[in-house]
Every structure is written in structure tokens, then in C-alpha cells.
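Q: Got a minute to go through this structure with me? I'd like to start with how the helices sit against each other.

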Amino acid sequence: MSKNSAENVVRKYMQYLKLERNYTQNTLEAYRHDLEWLLRFCKAEQISVFDVTIDHLHAYAAQLHEHGIGARSQARILSGTRAFFRYLVLEDYLQQDPTELLEWPTLPQHLPEVLTTAEVDQIEASIDLSHPQGHRNRAIIEVLFSCGLRVSELVNLQISNIFEEERFIRILGKGRKERLVPISERALKEIHLWYADRNLMDIKPGEEDYVFLNRRGSRLTRTMILIMIKEQAAQAGITKTISPHTLRHSFATELLKGGADLRVIQAMLGHEGIRTTEMYTHIDTTMLREEILSHHPRNIKK
């Protein structure tokens, strides 16, 4: 096999994603799976990946559509294709990136559900604190809302990564990228109330440093948290379709409404690019429109 064969270059690219970008195994498999679409296209067209042009890419994108792949999945696959060609330029396999002029499929505008601060308070107030997991569940909801964490980041939050005097927590996010996130006094208070119950538990060896545990003294799963939040929202009379990610969206939306800079929100959420964070400007605009239609005197029907 030639050292510059497509198979060899793809293998090196996967090593680059693993070693240089610190991607998890699941992410690596997803990238490899999406890249297979390009490799199959090149094989069918009898061309090398090094000879792909913008015209080939247009045909490639059209073929994805013909296979019945949805717009979001097309965008993800093409994003992986662009990342691959950028690597080829970076490593001097190519002089120019053929994906630079590639147009992205139009994505339907889907704005996620968000909760107001009053609705979060309503959910927390509905929790039965006499229940063994009551304080834990309230602390989970408060930390998700106060810090904007992904649920995977919450289940892996460790006591040793909470710096109470500085009021920061250290988070290991996507791509194993580390960031520091401020934590509110209220969230810290809820965590300490949970610690009082946690200290009475028989904790499984190796799990001692994790903040949130189940009744058996082991780390919680994302599914457990999803079920808990949905059930608690229903008990509180919240009719919105929500998940742990809803609290993350709500965190970002409240920051934006409070006047926070978009770059600050990007850093707090751990977004790699600003485009993902820009979604919240649309949410805020939508909420502003609804407020005007509901409360402005010119819109109130007599």
C-alpha cells in the first residue's frame, strides 16, 4: 500500500482526530462512518480523494439527497467531509480545499424549548425533600440551570473539580477540552444539602469523587437524569417538552437576555464555534416578539 493511498491517509486522519483533537471513541466512529460516504462516492466515480473538485462535491451532495438522507444528516456528513479536506491541506496532501465553495443544505429553523427562571423555581419547589433523592435532584436541576452543563458533563462532575472559594467548577467537555465555569452560591448551597444525604451512603469503590450518585452509590446515567427531570416537570405542572438540555438552553437564553456577550456565552457552554451559540439570538428574538405581542398596549385586545 502506498503511503499516500487514500486508505493510508484516512488511517492517519483518524489517528490525528484521536491524538491531536482528543476525540472520544464514539466520535471517532461517527467521523469514520460519515467519511465512508465520500469513499464510496470516489470509488463509484473512479477518482481519488486527492482529485475531488467542487463539481464532484456538488454531485456527492446531490447523491446524499437522493439516498433520502435528511438535511441535518447531510449537513453533518458534509461537515465531516470539509474537516477531512482541511486535514489534507494541513498535511500538504492538497494545495487547496475543494470544499471552500460548497453550499450547505438549508436546515429547518428549529428553536429548542426553554424554561423561564420562574419555571425552574417551580420545578425545584415541587420536589419532595423528604424523599432520599430529593436534595440530590434539586441540586442536579440547579447546577444544570446555573452552569449550563451538558448532562454528560454533570454525571462526570467530581468533588475535586469544585473550587468553592473561587466559585468555579472545572469541566471536561467535548473533545476532552477543559473549561472553567462559574457556579452560583445557590447551586453550591444545594450541593451541600445533597452532601448531607450523600455522606450517609455506602459509596461504591472508585466512585467516591463523583458528586451525584444513585441509591447504590454509583454514578448516575444520562437516562436516569432525563427521566427524573421529565417526571419532576410534569409534577410541577410544566407542559413544555423538556430534557436536561432544556436547562442548558435556558441558562444561555437568560445570559443573553441579561446582556451577556455572545463570546462569553460561547466560552461558558464550551462551543467550538460561535455559529452554534448564535442560535440563542434567535431564541431571544422569538421570546421578545412574543412578549411584545402579548403585553404591548397596541396589541392587547379590548
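**Helices, sheet and a salt bridge**

A: Sure. This is a predicted model. Start with helices α10 and α11: they are roughly antiparallel to each other, because an angle over 145 degrees counts as that.

Q: What is the crossing angle of α10 and α11, then?
A: Roughly 155°. The axes come within 10 Å. Helix α10 covers residues 244-257, and helix α11 covers residues 262-269.

Q: Is that crossing left-handed or right-handed?
A: The crossing of α10 and α11 is right-handed.

Q: Which residues make the contact?
A: From α10, R248, F251, A252, L255 and L256. From α11, L262, I265, M268 and L269.

Q: How many of those are nonpolar, polar or charged?
A: The contact of α10 with α11 has eight nonpolar residues and one charged residue. No polar residues take part.

Q: Ok, how does α6 pack against α10?
A: Helix α6 is residues 134-147. Its axis and that of α10 are 7 Å apart, at an angle of about 40°. The two helices are therefore oblique to each other.

Q: And what hand does that crossing have?
A: Right-handed, as α6 passes α10.

Q: Which residues meet there?
A: On the α6 side, I141, L144, F145, S146 and C147. On the α10 side, P244, L247, R248, S250, F251 and E254.

Q: What's the mix by class?
A: The contact of α6 with α10 has seven nonpolar, two polar and two charged residues.

Q: So R248 and F251 of α10 turn up again?
A: Yes. R248 and F251 are in the contact with α11, and R248 and F251 also meet α6.

Q: What about α5 and α6, at what angle do they pack?
A: About 165°, with their axes 10 Å apart. That makes α5 and α6 roughly antiparallel, because the angle is over 145 degrees. Their crossing is right-handed.

Q: Which residues of α5 and α6 meet?
A: T117, V120, I123 and E124 in α5 meet R138, I141, E142 and F145 in α6. By class, that contact divides into four nonpolar, one polar and three charged residues.

Q: Switching topic. How many salt bridges are there in the whole structure?
A: A search finds eleven. One pairs the side chains of R186 and D121, at 3.4 Å from N to O.

Q: Where do R186 and D121 lie?
A: R186 lies in helix α8, residues 185-198. D121 lies in helix α5, residues 117-125. They are 65 residues apart in sequence, so the pair ties together distant parts of the sequence.

Q: Now the sheet. What is the strand order?
A: β1-β2-β3. It is an open sheet of three strands, with antiparallel pairing.

Q: Which strands stand at the edges?
A: β1 (162-163) and β3 (178-182). Each has a single partner strand, so one side of each is left without a neighbour in the sheet.

Q: How many bridges join β2 and β3?
A: Five, in the antiparallel sense. Strand β2 is residues 168-172.

Q: Which residue is the bridge partner of I169?
A: V181, in β3.

Conventions. Residues are numbered from 1 along each chain as its sequence is written. This is a predicted model: local features need pLDDT of at least 70, side-chain atom pairs count only at pLDDT 80 or more; totals for chains, interfaces and linings use all residues. Side-chain values use heavy atoms; hydrogens and water are left out. Two strands pair if DSSP finds at least two bridges between them. Helices (H or I, at least four residues) and strands (E, at least two) are DSSP runs, numbered from the N terminus. Axes are lines fitted to C-alpha atoms, for helices over the stretch in contact, and angles run from 0 to 180 degrees between N-to-C directions. Angles under 35 degrees count as roughly parallel, over 145 as roughly antiparallel, 65 to 115 as roughly perpendicular and the rest as oblique. A crossing is left-handed if the near helix is turned anticlockwise from the far one by less than a right angle, and right-handed if clockwise. Contact means heavy atoms within 4.5 Å. Ala, Val, Leu, Ile, Met, Phe, Trp, Tyr, Cys and Pro count as nonpolar, Asp, Glu, Lys and Arg as charged, and the others, Gly among them, as polar. A salt bridge is a side-chain nitrogen of Lys or Arg within 4 Å of a carboxyl oxygen of Asp or Glu.
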